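Me: I would like to go through this model in short questions. Please reason briefly and finish each reply on the value or name I ask for.

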Amino acid sequence: MTTSQVINPATEKVVATFESADVAATDAAIERAHRAAPGWRDMAPGDRARLLRRFAEAVDADLENLARLEVANAGHTIGNARWEAGNVRDVLHYSAGLPERLLGSQIPVAGGIDITFHEPLGVVGIIVPWNFPMPIAAWGFGPALAAGNTVVLKPAELTPLTALRLGELALAAGLPEHVFQVVSGRGSVVGQRFVTHPAVRKVVFTGSTEVGKQIMAGCAEQVKRVTLELGGKSANIVFADADLDKAAATAPYAVFDNAGQDCCARSRILVQRSVFDRFLELLEPAVRGVRVGDPADEATEMGPLISAAHRERVAGFLEPSTKVAFTGTRPEGPGFWFPPTVVLPAGPTDRVLTEEVFGPVVAVLPFTDEADAIRIANDSEYGLSGSIWTSDVGRALRVTRAVEAGNLSVNSHSSVRYWTPFGGFKQSGLGRELGPDAARAFTETKNVFIATDQ
Ligand code: TAP
């Protein structure tokens, strides 16, 4: 074990220290989870459901504390942080409905009966990034626990505080010891051990596509189950027949929310050429109007970036030749601030168009017609989300079916609900989280034939 520091990204001050697990401590946690698995698996479904409901209620009772921890640790605005803690509560309540509904099938066969069971996997390892520490953790542990698995959770080194608190709340709510453990530490140590330890039967990873590929390759060694939620470069497609005022007023929030550190950020705005100039005129005041500042202030809409290193990485996308159309504001003084920035890319291979910036930088570019919009939207290795703005319902349906992405919205930017499926096409990921099938992703289907012949 070593000690690490947690820095408030809005003030650059140390807010806490925590213990970083080494390989031996990680192995010990995995082994405890492995030993706890049979008891949790064999608990009556209604009892498992009741404990998850109690866990949800404990999160609800602690909601303001969890939100304040996230403001201090991740620089999230207080409004967002409250939503995130509420999302954990809701995912747990929804998951609490799953143990009694994990239905198998009875399949007609000759000479007997054939039935299927959805068996839990055992220990599930969940690796969480720093951008949404609470919801991303809960999307994994809620359904995994509901399906009868035990969980070891590794938060990002930069943002462990809310995960550690959730571990305490689970125990206080009555979950048996070692059913849900939080193991803080480095990805290359704790996360990597989830991949290599044979008792971990599934890894749920959210983070960069680069590390996701390494996790997938590592899991292949043991044919270990894996869910990947990776990067995005999502398109916000605005047709000339759209409500332009609304499309322009909402576009900044679809990319600058959480300071752009969002895998669903609509970081490419594609605008039909005939309304391109008008759209930019409307977008400018909307971008300048984004309130950037102290995340604890109720009125703030955008906080800082997570770290100095990340701010440097984001700034690296703006080269001397980059054409910046306009920017919003940022506070002076300490904190990893970066202003909302609108860029007109030089061409289709411009890095700002092809790579995930993961910061408040958006590229705006024109398209000619529907086919051109679809071509540009799909000209990406990613395929996570996107938005289509049009008043033509037929076009909305044609374009949503043609865009290669897992989560699309029409005349809206909403993409995440705990009761609908979430995940990516292409290099944005593998598998789906949330929605009615969430618990199934943490089970193996077992088929049993029982002869009735005498
Ligand atoms: P990653 O390195 O991918 O980190 C994500 C999580 O994986 C963290 O918990 C990290 O641990 C862990 N990890 C790192 N290396 C690992 C390994 N070899 N084995 C197992 N686990 C490992 O992301 P990052 O460095 O924080 O961010 C880099 C870029 O990734 C961002 O700029 C952004 O483009 C992208 N990103 C995407 C997302 C989403 S939601 N798609 C989220 C975060 C970042 P530690 O960091 O604690 O060591």
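Reply: First a definition: a residue is near a molecule or strand if one of its heavy atoms lies within 4 Å of it. This is a predicted model, where local features need pLDDT of at least 70, side-chain atom pairs count only at pLDDT 80 or more, and totals for chains, interfaces and linings use all residues. Residues are numbered from 1 along each chain as its sequence is written, and side-chain values use heavy atoms, with hydrogens and water left out.

Me: How many residues surround the ligand?
Reply: The closest are W130, E157, G187, S208 and L230. The full set around the ligand has this many residues: 28.

Me: Which residue has a polar side-chain atom 2.5 Å from an oxygen atom of the ligand?
Reply: Polar contacts here are pairs of N or O atoms within 3.5 Å; within protein, one must be able to donate a hydrogen and the other to accept it, and residues adjacent in sequence count only if both atoms are side-chain atoms. S208 places a polar side-chain atom 2.6 Å from a ligand oxygen. L230 uses a polar backbone atom, 2.7 Å from a ligand nitrogen. The 2.5 Å contact to an oxygen belongs to the side chain of W130.

Me: What percentage of the ligand's exposed area does the protein bury?
Reply: Areas come from the Shrake-Rupley method with a 1.4 Å probe; for residues, only the protein chains shown count as cover. Taken alone, the ligand exposes 870 Å². The share buried by the protein is 84%.

Me: How many salt bridges are there?
Reply: Side chains of opposite charge can pair when their charged atoms come close. The rule asks for a side-chain nitrogen of Lys or Arg within 4 Å of a carboxyl oxygen of Asp or Glu. The count by that rule is 22.

Me: Which residue does D27 meet in a salt bridge, and is D27 buried or exposed?
Reply: Helices (H or I, at least four residues) and strands (E, at least two) are DSSP runs, numbered from the N terminus. The D27 bridge spans 2.5 Å, N to O, and its partner is R193. D27 lies in helix α1 (residues 23-42) and R193 in helix α7 (residues 187-196), so the bridge ties together parts 166 residues apart in sequence. Buried means under 20% relative accessible area, exposed over 50%, partly exposed in between (1.4 Å probe, protein chains only); at 17%, D27 is buried.

Me: What separates R50 and D47 along their helix?
Reply: Their closest N and O atoms are 2.6 Å apart in a salt bridge. R50 is partly exposed at 41%, and D47 is partly exposed at 33%. They sit 3 residues apart in helix α2 (residues 45-61), so the separation is about one helical turn.

Me: Which helix holds R398, the partner of E370?
Reply: E370 and R398 form a salt bridge of 2.9 Å, N to O. E370 is buried at 16%, whereas R398 is partly exposed at 45%. E370 belongs to helix α13 (residues 370-378); R398, 28 residues away, belongs to helix α14 (residues 393-402).

Me: What is the strand order in the open sheet of 3 strands?
Reply: Two strands pair if DSSP finds at least two bridges between them. β3 and β4 pair over 2 bridges, while β4 and β18 pair over 9; both pairings are antiparallel. The edge strands are β3 and β18 (443-451). The order is β3-β4-β18.

Me: Which residue of β4 is the bridge partner of I107?
Reply: Q106 stands opposite I115 in β4. On the other side of β4, I113 faces I450 in β18. The bridge partner of I107 is D114.

Me: How far apart in space are T452 and G111, C-alpha to C-alpha?
Reply: G111 takes a positive phi near 80° in the hairpin of β3 and β4. T452 is found in the segment after β18 and is exposed at 52%. These two residues are 341 apart in sequence, and their C-alpha distance is 5.8 Å.

Me: What accessible area do I107, V109 and F449 have together?
Reply: Patches use residues with over 30% relative accessible area and no salt bridge, joining like charges within 9 Å and nonpolar side chains (Val, Leu, Ile, Met, Phe, Trp, Tyr) within 5 Å. V109 lies in the loop between β3 (106-107) and β4 (112-120) and is partly exposed at 37%. The three form a nonpolar surface patch of about 240 Å².
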